[in-house]
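Colleague: I would like to go through the ring contacts and the sheet packing of this predicted model. Please reason briefly and end each reply on what I asked for.

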Amino acid sequence: MSEEISIVQARRIALHAQGFGGARPKGRIDRRHLRKTMRRLHLLQLDSVPVVIRTQYMPLFSRLGPYRSELLDEIAYDDGEWFEAWSHEASLLPVESEPWLRWSKDQARQGRTWKHLHALAKKDPGYVGAVLDEVKARGALTAGELSDPRPRSGRGWGSRSAGAVALDWLYRVGELGVRRNRRFVKRFDLLERIVPGRILRCSTPGFEAALDELILRSARAHGIASADCLVDYFRLPPRPTRARIEALVEDRRLVRCWVEGWRQPAYRHPEAMRPRSIHAAALLSPFDPVVWNRKRIRALFGFDYRLEIYTPEAKRRHGYYVLPFLLGDRLVGRFDLKTDQEAGRLRVLSAHVEEGAAPGTVAAAAARELVQLARFVGPARVVVGRRGNLVAALRKEVAALAD
C-alpha cells in the first residue's frame, strides 16, 4: 500500500533533503562545507545575471551563511573537483558525475537533441574538426580567440559566429569542456584537461543504469517529489524516465506515496528524513533547487512565483529580481534586491510579506538575513526602498541592527 503524507510533512522532508534541516555551521566556512552541500544538492545551476551575485554562489550562502565566494571558483576551476555540464540548464557538478551524463552526449551525437547544432555542424565537419584541432594545440579559447572564428554572416550558422556554434557543438558531444575565469568568461578546452583521467577512464554506464542513478540522486535531493520533478532535476527524457521510476518502485529503491492535496502520486527516497520541525531562515535565489520548479513550490508551499526579468516594468507585481524568503517550513516573503557595488549598498527595492505570515516576525528574520547577505556580496549597508507591504517594518528592523 502507498504511504499517505501530509503537506506539512512533505515540506519538511523536502527542506531537510535540501540542507535546511539543521543549524548553519559556526565559525569559518571552508571547502569541506561547500563539498558537503554539493554532495547533497548534486549540482549548482549557473546564470550570468549578477543582479545580487551570480546565482551559483547563492544556494551555498542560503544553507551555510557568508563564506569566501572565491572558494567555489577554486574548487571548480582551479582544483578541478567540479565541472560544468548541461544538466539542469548549465550547471556545476562533481567530476565524479561525468560518466552518468554520457548518455546525453550520445543522444546529441545522434541528432536526437540539440538538433539545430547537429544540423549546422554536419554542414561543415571540416571546420568543426579544425576548431577542435586548434583547441588541442592552443588550449582554452573563446570563439573570438579562434584564428578563424568566421563572424556571423547571416547564413547557415544562425545568429552566432561559426566558431561559437562549433565550440558549443563540441561541448555538447563531450569533446570539449568549459573553464571560466573570475569574471565568468567562458573558454572551451579539451574535456580531458578539465575532468581527471581516472574519471574519463571509467566505463560508460548503460542508458537505463544512468537514468536509475540520476533519478535516485534527484529523489535524494528532493526527499519527496512528483515524477515531473524527478525528471526535471537533471532534465531527463520524460518517457523512459517515468518507466524507470516505476521499475525503481518495484525494486523498492523508491517509495510511492500520496501527498495531501496532490492529484498525482509522489515518490520518496527511502533514506529521506522526516523531521518534526524546520527552523530555517534563508533568502533563496530564483535558481535555487527549492524554488526553480514553479509547479513544485506551488504544490508544496502554496507559493505562486515567477521571475519577472522579462516582464515589462509596468506589469511586474513584485519586482525585477525577486528572492523568496524561507522561514521555518514556509515561504513567507519576497524581496526584490539589487547589489550596488559602487555605492556600497544592498538595495531592497521592494519587500512583500505573504498572506497569513506575521509581518513583524518576517521583518525581523529577513533583516538579519539581508545584513548577512550584504556582508557576503560586499556592500556595507542595506537600504530599504518604498515598495511593498513589508517595507516599514523591515526598515525599522534593519535600522535596529545597524545601531
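Colleague: Are Tyr171 and Phe188 buried or exposed?

Modeller: Buried means under 20% relative accessible area. Tyr171 and Phe188 are both in that class: buried.

Colleague: What kind of aromatic pair do Trp86 and Trp114 form?

Modeller: The count of aromatic pairs comes to nine. For Trp86 and Trp114, the ring centres are 5.3 Å apart and the planes stand at 85°. Planes over 60 degrees apart count as edge-to-face. The pair is therefore edge-to-face.

Colleague: How many residues apart in sequence are the parts that this pair of Trp86 and Trp114 ties together?

Modeller: Trp86 belongs to strand β3 (residues 82-87). Trp114 is in the loop between α5 (102-109) and α6 (115-123). The pair therefore ties together parts whose separation in sequence is 28 residues.

Colleague: What is the relative accessible area of Trp86, and what is that of Trp114?

Modeller: Partly exposed lies between the limits of 20% and 50%. Trp86 is partly exposed, at 35%. Trp114 is also partly exposed, with a relative accessible area of 27%.

Colleague: Which elements does the pair of Tyr171 and Phe188 link?

Modeller: Tyr171 and Phe188 form an edge-to-face pair, 6.2 Å centre to centre with 70° between the planes. The two residues are 17 apart, and the pair links distant parts of the chain. Tyr171 is in residues 162-172 and Phe188 in residues 186-190, that is, helix α8 and strand β6.

Colleague: How far from the ring centre of Trp114 is the charged end of Arg172?

Modeller: Arg172 lies over the face of Trp86, at 4.6 Å from that ring centre. The charged end of Arg172 also sits over the ring of Trp114, and its distance from the centre there is 3.8 Å.

Colleague: Which are the edge strands of the open sheet with the order β10-β11-β12-β13-β14?

Modeller: Five strands form this sheet, with mixed pairing. An edge strand pairs on one side only, and this holds for β10 (281-283) and β14 (381-387).

Colleague: How many bridges join β11 to β12?

Modeller: Strand β11 covers residues 322-327 and strand β12 residues 330-340, and they run antiparallel. Val322 stands opposite Asp336 in β12. The number of bridges joining the two strands is six.

Colleague: What angle does the direction of helix α15 make with that of β14?

Modeller: Helix α14 (residues 359-377) packs on the sheet, and its direction makes about 120° with that of β11. Helix α15 (residues 391-402) also packs on the sheet, touching β12, β13 and β14. The angle between the directions of α15 and β14 is about 160°.

Definitions and conventions:
Residues numbered from 1 in each chain as written. Predicted model: local features only at pLDDT ≥ 70, side-chain atom pairs only at ≥ 80, totals over all residues. Heavy atoms only, no water. Phe/Tyr/Trp six-rings, centres within 6.5 Å; stacked < 30°, edge-to-face > 60°. Helix = DSSP H or I, 4+ residues; strand = E, 2+ residues; numbered from the N terminus. Buried < 20%, exposed > 50% of the residue type's maximum accessible area, 1.4 Å probe, protein only. Lys NZ or Arg CZ within 6 Å of the ring centre and 35° of its normal. Pairing = 2+ DSSP bridges. Contact = heavy atoms within 4.5 Å. Axes fitted to C-alpha atoms, helices over the stretch in contact; angles between N-to-C directions.
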